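The following exercises concern aromatic contacts, charges over rings and sheet packing. Each task is followed by a solution in steps.

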Amino acid sequence: MKTIMFLCDVPDGRLETSLETAAELGYRSVFCGEEENARVRNLADAYYITDWSDTDELICIAKQEKVDGVVGLSDPSMLPAARVAWTLGLPGNTPESLEALISKDSFRALQEKAGLFCPNHAVFRSFSEIGGSLSGFRYPLIVKPRLCSSSFGQTILENDLGLEAAFEAASAKSRDGIVCIEEYIEPRSLCTVEADVFVVGDDILWEGVRDSWHLESSRIRPLYDVYPAHLTEDETEQFRREVSGALRAAGVCLGEYDVEGFFTKKGDFFVVEINARPAGYYNPQHIQLSSGVDLTKLLLTTAAGDMWYYEELKSFRRTAKNILSYSVFAMEDGILDHVHIAPELQKRLRSYDSLYRSKTGDHVKDYKTAKWPIAQAAFEFDTEEELEEARSRIEELVYAVLL
């Protein structure tokens, strides 16, 4: 029996799904986290409260448990997982390759070095450091945390008014307090591109490419995804060229990567970031609903050195089912009554996940400040036209009802 060590924040849907998949594969699971969680403890075969910054302790646990692979699933856990795997000679990436992706400034430097499209950018440890450093930058600017995820702490500025407040908001969300400021590149529409791509050596699997839709009132954070993506052949080629160029430049050789980007008004594809872990919001499950490919199974088997599923996928016939994945948030803070799903969509519902098991009477935050949605609902449609008709009205068809 193979043993996998998991590192992740809790609670997290990626972790729970991965632990369930490990059990289905016959793998033993060892979880190392920085806090207690009853649900995860019930799913894992072994549970350790650890300090991820103490690599020696993690290595000691890995040796004691005789692990065959190490999997990180959240941003703060990726480097510790890579350090353990690299030290013990287990499948994975060098810590240096992940460092190039994890921080926003190092990723921009990687894009510049590789000759890829990217904006002017700079990082600052304090607001007083800025001085005249932005004199050569063109507005609008985007101010964001150097180390963070889910678009938290980001502000778009049309001029220098509010710069200090934006800096402080970004610094408060950044895991190291450092802030990245760069020229804001405007997407050509509210529909951007997100993808979970999988790297095995020189091979890249492009399963999870999707349209990622934003609201006019919240242009930074997407609220729903459409599978498969609607890209022309030329757009697909450009998207793959930019993403593969960044991954090759970083030097990664294994694992699942969440890519976020968009086409500019001039037609260039801009890779906003590549997160060195699977996407949240149950995206891997929705990718499987659309394409039939189980990226969680692929992640665990390759981490354990088992290549049979990867080999199977070389001849596996993909599907392209029309899936709409909607993140259900409240439009304002309040007390949840229920989530309304219109009767016409009930028959199309294929999955409904609620990380916090949100129920009547729970306090919920508005969509701009909540870390996780109240629920993630995925619907399947027979045709693209049916999906588009529902997508255009999704906020009328599915929504949180507050007391």
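A charge sits over a ring if NZ of Lys or CZ of Arg is within 6 Å of the ring centre and within 35 degrees of the ring normal. The model is predicted, with local features needing pLDDT of at least 70 and side-chain atom pairs counting only at pLDDT 80 or more, while totals for chains, interfaces and linings use all residues. Residues are numbered from 1 along each chain as its sequence is written, and side-chain values use heavy atoms, with hydrogens and water left out.

**Exercise 1. Identify which charged residues lie over the faces of Tyr-309 and Trp-213.**

Step 1. Over the face of Tyr-309 lies Lys-297, 4.7 Å from the ring centre.
Step 2. Over the face of Trp-213 lies Arg-391, at 3.7 Å from the ring centre.

**Exercise 2. Classify the pair of Phe-127 and Phe-167, and locate both residues.**

Step 1. Rings of Phe, Tyr and Trp (its six-membered ring) pair if their centres lie within 6.5 Å; planes under 30 degrees apart count as stacked, over 60 as edge-to-face and the rest as tilted. This rule gives twelve aromatic pairs.
Step 2. The ring centres of Phe-127 and Phe-167 are 5.9 Å apart and the planes stand at 70°, so the pair is edge-to-face.
Step 3. Helices (H or I, at least four residues) and strands (E, at least two) are DSSP runs, numbered from the N terminus. Because Phe-127 belongs to the loop between β5 (121-124) and β6 (141-145) and Phe-167 to helix α7 (residues 163-173), the pair ties together parts 40 residues apart in sequence.
Step 4. Buried means under 20% relative accessible area, exposed over 50%, partly exposed in between (1.4 Å probe, protein chains only). Phe-127, at 27% relative accessibility, is therefore partly exposed, whereas Phe-167, at 2%, is buried.

**Exercise 3. Repeat the analysis for Tyr-281 and Trp-372.**

Step 1. The centres of Tyr-281 and Trp-372 are 5.6 Å apart with 55° between the planes, and the pair is tilted.
Step 2. Tyr-281 lies in the loop between β14 (269-275) and α9 (283-291), and Trp-372 in the loop between β18 (363-364) and β19 (375-381), 91 residues apart.
Step 3. Both Tyr-281 and Trp-372 are buried.

**Exercise 4. Which strands are the edge strands of the open sheet with the order β3-β2-β1-β4?**

Step 1. Two strands pair if DSSP finds at least two bridges between them. The sheet has four strands with parallel pairing.
Step 2. β3 (46-49) and β4 (69-72) each pair on one side only and are the edge strands.
Step 3. Four bridges join β1 (residues 3-7) to β4, and Met-5 stands opposite Val-70 in β4.
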